[in-house]
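Hello,

Here is the structure I promised to pass on to you. Have a look at it first, and then read my notes below.

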Amino acid sequence: MTPNSAPRDAVVIERDFDAPVDLVWKMWTDPEHFKEWYGPDGATIPAAEMDVRVGGTRLVCMEVHAPNGAMRMWFTGEYGEVVENERLVYTESMSDEHGNVASPESMGMPEGHPVTTEVRVELEDLGGRTKMVMTHTGIPTDSPGAAGWVMAFDKLAVHIAAQRHR
């Protein structure tokens, strides 16, 4: 995807990982691995349910520690495209712990934040290495969400390295 073809109000991040494509795929589709790296620095993922198939749902809880204590945010979505080791596309909406979609404003997001966004992960096998392009449509490039993805992918690189050295 060239910069000119990138969707407006989308975060597009390209990263190369020193790992085979099937391992990077597993990081996105296995809840136990996903919980280890997802979210910005300081966030934890106490719950991740993923039915990784077209039409399957996901429910993820992110916990961050604020000055007033821990705060939990829930995200739900549906898988729209699943091509093993190549492409994963899912929607994402803020929700309650049961997966009921909540309005962004009720969750403290600015007015105009979309109710549903889309995450597209494209993987390319580079002969033992993997090129990943993640596009999160509906999130502005200068948003806290964009910075969170960068931090998450740094954590992903560390988690992948740890898996490779087991």
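Is R87 buried, partly exposed or exposed? R87 is partly exposed, because its relative accessible area is 23% (buried means under 20%, exposed over 50%, partly exposed in between, with a 1.4 Å probe and protein chains only). R87 also meets the side chain of E81 in a salt bridge, 2.5 Å from N to O (a side-chain nitrogen of Lys or Arg within 4 Å of a carboxyl oxygen of Asp or Glu). Salt bridges with shared partners join E81, R87 and R120 into one network.

Please keep in mind that this is a predicted model, where local features need pLDDT of at least 70, side-chain atom pairs count only at pLDDT 80 or more, and totals for chains, interfaces and linings use all residues. Residues are numbered from 1 along each chain as its sequence is written, and side-chain values use heavy atoms, leaving out hydrogens and water.

Now for the sheet. Seven strands (DSSP runs of E, at least two residues, numbered from the N terminus) form an open antiparallel sheet in the order β1-β7-β6-β5-β4-β3-β2; two strands pair if DSSP finds at least two bridges between them. At the edges are β1 (10-17) and β2 (44-50), each pairing on one side only. Strands β4 (residues 69-83) and β5 (residues 87-95) are joined by seven bridges, and W74 stands opposite S95 in β5.

Two other salt bridges are worth finding. E14 and K131 meet at 3.9 Å, N to O; E14 is in strand β1 and K131 in strand β7, so this pair ties together parts 117 residues apart in sequence. E63 pairs with R72, with the closest N and O atoms 2.7 Å apart.

Best wishes

Note on methods: Helix = DSSP H or I, 4+ residues; strand = E, 2+ residues; numbered from the N terminus.
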